[in-house]
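I opened the model today to look up how its helices pack and how its strands are arranged. My notes follow.

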Amino acid sequence: MLGEVKKTEDSLSYKEKKEARENDDYLYIKELDLDITEAEKKEIKHLNVLYLDDDSDVLDSYSSMHRFDFNIFTTTDPMEARHIITTKDIQIIITDQRMPYMTGLEFFTMISQEHPEPIRILLTGYANLNAVVDAVKSRIIFRHVSKPFTPNMMRQAIKSAAEMYYLQREIRER
């Protein structure tokens, strides 16, 4: 909006931060200083988000947590996840790092060459900080989210990833 001054998270008071987190119409992202248009806010509701986790109860929780926010695809199988990415227009992929058949980083490495467009978020329940830092530096992942996390923290991570997706798409289309 013309003349509107956007506050950064650092300049908000505690009360303003709390209100901003609770207000779905206002999107502030500390890591990125990007604005999204009203049309893109509407597109976020139509994001295709894939969750890969070996725990089906966790997937059920993710699905119910975000069923009104995004289009959710879930699977416990990395090969099925790969098939979903190939057959659906997936914009964001979220996977757990620790799984029995392969790690989240191994999965992202496997699919990133074939499907570089989706933005990748890694969930970590333990601290293997070196692997996560290396993955961010090599652009295998966009960001990581440490467990435990709140639904709002995950929603903000997904919205941040959506901003990056739309920015990259805009650059590709130029």
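**Helix packing**

I looked up the contact (heavy atoms within 4.5 Å) between two helices and found that Pro78, Met79, Ala81, Arg82 and Ile85 in H4 meet Phe107, Met110 and Ile111 in H5. I sorted the residues of this contact into seven nonpolar, no polar and one charged, where Ala, Val, Leu, Ile, Met, Phe, Trp, Tyr, Cys and Pro count as nonpolar, Asp, Glu, Lys and Arg as charged, and the others, Gly among them, as polar. Helices (H or I, at least four residues) and strands (E, at least two) are DSSP runs numbered from the N terminus.

I noted that this is a predicted model, in which local features need pLDDT of at least 70, side-chain atom pairs count only at pLDDT 80 or more, and totals for chains, interfaces and linings use all residues. Residues are numbered from 1 along each chain as its sequence is written, and side-chain values use heavy atoms, with hydrogens and water left out.

**Strand S4**

I then turned to S4 (residues 119-124), where six of the six residues are buried, so the strand is largely enclosed by the rest of the structure; buried means under 20% relative accessible area, with a 1.4 Å probe and protein chains only. I checked both faces and found Ile119, Ile121 and Leu123 buried on one side, and Arg120, Leu122 and Thr124 buried on the other.

I looked up the pairing (at least two DSSP bridges between two strands) and found that S4 runs parallel to S5 (residues 143-146), joined by four bridges, with Leu123 opposite Val145.

Technical notes. Buried < 20%, exposed > 50% of the residue type's maximum accessible area, 1.4 Å probe, protein only.
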